[in-house]
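Biologist: Could you take me through this structure, beginning with whatever the database annotates?

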Amino acid sequence: MKKHKILLARILLPAFFILLFLAAICQQYGRQKTEQPLSLTSFKLNTVVRVTLYDSSDQEILERAMDICEEYEDIFSRTKESSELFRLNHQELPKDKEGFYSLSKPLAQVIEAGLTYAELSDGAFDITIAPVSSLWDFTSSENSLPEPEDIQAALSLVDYKNVSLSGSRLRFEKEGMQLDLGAAAKGYIADQIKEYLLSQGVTSALIDLGGNVLCVGSHPDGTPFETGIQKPFSDRGEQILTLGVENKSVVTSGVYERCFEKDGILYHHILNPRTGYPYDNGLLSVTIISDSSLDGDCLSTACFSLGLEKGMELVNSLPDIQAVFITEDGQFHLSDGFEESVTVVSKKS
């Protein structure tokens, strides 16, 4: 009897360990399977939008994220005739006796951020640039310049100080003024998508609104997301810096995004509100790393508008903000304490 027990143990014990081994493999396979990213890409906000989930397999969450883009496009679009901003710019919203328009909370919040960064940049960045920016077309192949007299007439309507905002009430102090929120709206929308994902229990995701990248947490294994800074005028995907990013926004404003060349001169979409023409200050791009994508969106344009010296001075004066400036000689310039705050995975000159 004793011999039978010993023989049985010799048979069952190895089998038990084999079962444990197989269970571990199955568990590991299952974990790897659930950690496969779930992604959805669509054309929204006049750009390619991609949202990727790393710790959820719920397709409905992705679809709702895309719906959020559409809902905010109905507020912030400057060209969609039914949008709230379009109706504000064309005096189609109701006004009270004091001449104030009543705005939705999202529109008021984005305008408030735009006015804040206009003040911080001393008007180098100005959301009332719309009368001028509407004269330029960087999407067609015509490569035509606005008439100088049209630019001068439009410039008379550009001055953020002539916008009075009190809570959700706004008044233009000059007839014919309009707002361009193209340097702020995508950042706000990315922040709202992040809040939605967190409310659904998602803690590991990437939100990419046409180059506005917002990292929700990190990879499920705790490693940072890697995001690159485009090398200006190089092939898409060629990066001058690759960063390891956790729970941060990475937003770039660059001359190569929307531009054309005419008579040997490069014209790009970042316009000087004092001249009506594109900035020519030796910069090719500015990237902002921040907690809020709205802040990063506004700051990337504001700092580009200020130029290297004053732009870097502004960044260094703000808490929890880092920046990469790329100049026309192809060199990149990092804000104070950059490499202590942000993981640099790789660099290319």
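The conversation below covers the annotated site, a pocket, the nonpolar cores and some individual residues.

Modeller: Please keep in mind throughout that this is a predicted model.

Biologist: Which residues does UniProt list for "binding site"?

Modeller: The UniProt entry, which is unreviewed, lists Ala183, Asp297 and Thr301 under that heading. They are spread over 119 residues of sequence, yet they cluster in space, with a largest C-alpha distance of 6.9 Å.

Biologist: Where is Ala183 found?

Modeller: Ala183 sits in the loop that runs between strand E5 (169–172) and helix H7 (185–199). Leaving out residues up to four places away in sequence, Ala183 touches Phe125, Asp297, Cys298 and Thr301. Two of the listed positions, Asp297 and Thr301, are therefore among the contacts of the third, Ala183.

Biologist: Is Ala183 buried or exposed?

Modeller: Ala183 counts as buried because its relative accessible area is 16%, and the cut-off for buried is under 20%.

Biologist: And what does Asp297 touch?

Modeller: Asp297 belongs to helix H8 (residues 293–317). Not counting residues up to four places away in sequence, Asp297 is in contact with Ala183, Ala184, Ala185, Lys186, Gly187, Asn212 and Val251. Asp297 is also buried, with a relative accessible area of 5%.

Biologist: Turning to pockets, how much space lies in the second largest pocket?

Modeller: The second largest pocket holds about 190 Å³ of space. It is lined by 14 residues, of which Leu266, His268, Tyr279, Asp280 and Glu328 are the closest to its centre.

Biologist: Which elements give two or more residues to that lining?

Modeller: Those elements are strand E12 (265–268) and strand E13 (283–290). E12 supplies the largest share of the lining, 4 residues.

Biologist: What is the lining like by class?

Modeller: The lining of the second largest pocket comprises 9 nonpolar, 3 polar and 2 charged residues.

Biologist: What about the interior: how many residues are in the largest nonpolar core?

Modeller: The largest nonpolar core has 87 residues, and those with the most contacts inside it are Phe76, Leu88, Ile111 and Leu197. H8 gives the largest share of this core, 10 residues. A second, separate core has 11 residues, including Val132, Phe138, Leu155 and Tyr267.

Biologist: What is Phe76 in contact with?

Modeller: Setting aside neighbours within four places in sequence, Phe76 contacts Leu85, Pro106, Leu107, Val110, Leu181, Ala185, Tyr188 and Ile189. One of these, Ala185, is also touched by Asp297.

Biologist: Which residues have a positive phi although they are not glycine?

Modeller: Leu45 is one of them, with a phi of about 55°. Leu45 lies in the loop between strand E1 (38–44) and strand E2 (47–53). Asp320 also has a positive phi, of about 60°, and Asp320 lies in the loop between H8 and strand E14 (322–327).

Biologist: Are those two buried or exposed?

Modeller: Leu45 is buried, at a relative accessible area of 15%, whereas Asp320 counts as exposed, at 57% relative accessibility.

Biologist: Finally, where does Glu339 lie?

Modeller: Glu339 lies in helix H9 (residues 338–341). Glu339 counts as partly exposed because its relative accessibility is 46%, which falls between the 20% and 50% cut-offs. Not counting residues up to four places away in sequence, Glu339 touches Leu334, Val344 and Lys347.

Biologist: How far is Glu339 from Gln322?

Modeller: The C-alpha atoms of Glu339 and Gln322 are separated by 9.4 Å, and the two residues are 17 residues apart along the chain.

Technical notes
Residues are numbered from 1 along each chain as its sequence is written. This is a predicted model: local features need pLDDT of at least 70, side-chain atom pairs count only at pLDDT 80 or more; totals for chains, interfaces and linings use all residues. Side-chain values use heavy atoms; hydrogens and water are left out. UniProt positions are given in the numbering used here, feature names are shortened, and annotations may be inferred rather than shown by experiment. Buried means under 20% relative accessible area, exposed over 50%, partly exposed in between (1.4 Å probe, protein chains only). Contact means heavy atoms within 4.5 Å. On a 1 Å grid over the protein atoms alone, a cavity is a set of points where a 1.4 Å probe fits but cannot get out, and a pocket is an open set with protein on both sides within 12 Å along at least five of seven lines; lining residues have an atom within 4 Å of a point. Grid points are joined across faces, edges and corners, and a volume is the space filled by probe spheres set on the points. Ala, Val, Leu, Ile, Met, Phe, Trp, Tyr, Cys and Pro count as nonpolar, Asp, Glu, Lys and Arg as charged, and the others, Gly among them, as polar. A nonpolar core is a set of buried Ala, Val, Leu, Ile, Met, Phe, Trp, Tyr and Cys residues joined through side-chain atoms within 4.5 Å.
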